[in-house]
Amino acid sequence: MPRYTLPARDIPLDDNWDVIVAGGGPAARPAATSAARQGAKTLLLEASGVLGGMGTSGLVPWFCGYTDGEKILARGLAETVRQGLMAGMPLLKKTIEANPLYAPSIDPEVLKRVYDNMVLGAGARVLFHTQVCSVDSGGGQVNAVIAANKTGLAAFKAKVYVDCTGDGDLAAWAGAPFEKGGEKGELQPATMCFIIANIDEYGLAAGPRVHYYDPDSPIWKAIRSDKYPDIIEPHACNRQIGPGVWGFNTGHVFDVDNTDPASTTKAIFHGRKMAAQYRDAFAEFHPAFANSFLAATGSMLGVRETRRIMGDYVLVADDYHARRSFPDEICRNAYNIDIHSSKETSIAASQKTIEELKAANAKAICSYGPGESYGVPYRCLTPKGLRNVLVAGRCISTDRRLNGSVRIMACCLTTGEAAGCAAAMAAAAASDVHAVDTAALRQTLKSHGAWLP
């Protein structure tokens, strides 16, 4: 591609911050809250107009990974989120009172307000519609981040930066080593989540499940129909989020790279088309959907995988299988290893029997038994070669298989809270994230409700 050289010019500089959090997703919100709660002057820069990422803009309909099958693992600020959702969602409150380990469903409007109240209540500052687009770095540290918004380009400077972009943009641009996808660069497929409203609740309860483990599911009929060419494989997860309203994490958009805007744009167009086909197929093949309508599609794509920033420790699948603990662990996680398949493998799955699908999924997912979990070390949040940058969320330092476990939103909440707390501690000292006293960090997290045995 041809190159263009920008002429030298001055841009505004805002250098009045201890901690800057890049991104506004499920890791960023607790990072900013935690840093501000520790007394750090904290700024969160978010490209959209809403906090929450996949749980709000992306319409993922529930939080995976809150429990180990016996107790709640994602506590601290993650527990505050769960309680906030229950307070705003009577249906969820009733369900959790009956089943305390139920994975929280998400009304995105309720979750937006929960996040807003938490970040602002802690005293953090937020700038919406402000996209971090470059970094000024050198000597093993970030000197400033460059962002674009309605004022044009501006520079923002802090003592410590927390990369919660999901794709590890800030850390990668600053020179941190990273891995991306599989050995051949392959990436897990994405999903365009969507909401369908005016579903007949009685009819849905009395009729076949929409899940692909039900042989009478409308998913199977749609796959075998020529009317819905984009419904090609059995992937159908859904959760009720309100009266007559269900959220769907259903279908895959294949061959998309979220670090390539052209690829993501193409995938979003395709995802919206798919969502409409799913609603129409459900309406044709399941009476409960006869009068339903497609109420919303995500304003951002559900991306499962891009960069993994290499840190002082790389958490690997062997750590998962060993249920390993670490002296510097900042959270526990019990979510299974969940790697979504390629297009070819997914299409081939449509030719399997239900029992064959169950067996294949059980082998691939590697689930734990009740009460089992593993620790996530603080060293997974500290990028090699950068002294004043932390990462949180799905881009932390793991191998590809283990990333299939830590990428879920509950773990993003807990790694985000730890990163924000550590950022405040580093900013108050020498701004070296590698030198943070992890015993003190763990004690602080425990004092705010984190579950750290």
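**Figure 1. Strands E8 and E10 pair in the antiparallel sense.** Strand E8 covers residues 194–197 and strand E10 residues 245–250, and the two are joined over 3 bridges. The model shown here and in the other views is predicted. Phe-194 has Phe-248 in E10 as its bridge partner. The rings of Phe-194 and Phe-248 also belong to a cluster, described under Figure 3.

**Figure 2. An open sheet is built from 4 strands.** The strand order is E9-E10-E8-E11, with antiparallel pairing. Strand E9 (236–242) and E11 are the edge strands, and each of them pairs on one side only. On average, neighbouring strands of this sheet are turned by 30° against each other, direction ignored. Strands of a sheet pair through backbone hydrogen bonds, in either a parallel or an antiparallel arrangement.

**Figure 3. Phe-194, Phe-248, Tyr-278, Phe-282 and Phe-289 form a cluster of rings.** The members of this cluster are linked by ring pairs. Two of them, Phe-194 and Phe-248, are bridge partners in the pairing of E8 with E10.

**Figure 4. Tyr-368 takes part in a stacked pair with Tyr-320 and in an edge-to-face pair with Tyr-374.** The structure holds 13 aromatic pairs. In the stacked pair of Tyr-320 and Tyr-368, the centres are 4.2 Å apart and the planes differ by 15°. This pair links distant parts of the chain: Tyr-320 lies in helix H9 (residues 317–321), whereas Tyr-368, 48 residues away, lies in the loop between helix H11 (354–365) and strand E14 (374–377). Both Tyr-320 and Tyr-368 are buried. In the edge-to-face pair of Tyr-368 and Tyr-374, the centre-to-centre distance is 6.4 Å and the angle between the planes is 75°. The relative accessible area of Tyr-368 is 14%, so this residue counts as buried. Tyr-374 is buried as well, at 0% relative accessibility.

**Figure 5. A salt bridge joins Glu-305 and Arg-400.** The N to O distance between the two side chains is 2.6 Å. Glu-305 lies in the loop between strand E11 (293–297) and strand E12 (307–309) and Arg-400 lies in helix H12 (residues 400–406), so the salt bridge ties together parts that are 95 residues apart in sequence. Glu-305 is buried, with a relative accessible area of 2%. Glu-305 and Arg-400 belong to a network of salt bridges that also includes Glu-179, Glu-186 and Arg-308.

**Figure 6. Glu-79 and Arg-82 form a salt bridge within helix H2.** The closest N and O atoms of this pair are 2.9 Å apart. Helix H2 spans residues 77–88, and the two residues are 3 positions apart in it, about one turn of the helix. Both Glu-79 and Arg-82 are buried. The count for the structure comes to 22 salt bridges.

**Figure 7. Asp-319 and Arg-324 meet in a salt bridge.** Their side chains come to 2.5 Å, N to O. Asp-319 is buried, with a relative accessible area of 1%. Arg-324 has a relative accessible area of 34% and is partly exposed.

**Figure 8. Charged side chains lie over the faces of Trp-17 and Phe-178.** Over Trp-17 lies Lys-41, at 5.4 Å from the ring centre. Over Phe-178 lies Arg-307, at 5.4 Å from the ring centre.

Methods: Residues numbered from 1 in each chain as written. Predicted model: local features only at pLDDT ≥ 70, side-chain atom pairs only at ≥ 80, totals over all residues. Heavy atoms only, no water. Salt bridge = Lys/Arg side-chain N within 4 Å of Asp/Glu carboxyl O. Buried < 20%, exposed > 50% of the residue type's maximum accessible area, 1.4 Å probe, protein only. Phe/Tyr/Trp six-rings, centres within 6.5 Å; stacked < 30°, edge-to-face > 60°. Lys NZ or Arg CZ within 6 Å of the ring centre and 35° of its normal. Pairing = 2+ DSSP bridges. Axes fitted to C-alpha atoms, helices over the stretch in contact; angles between N-to-C directions.
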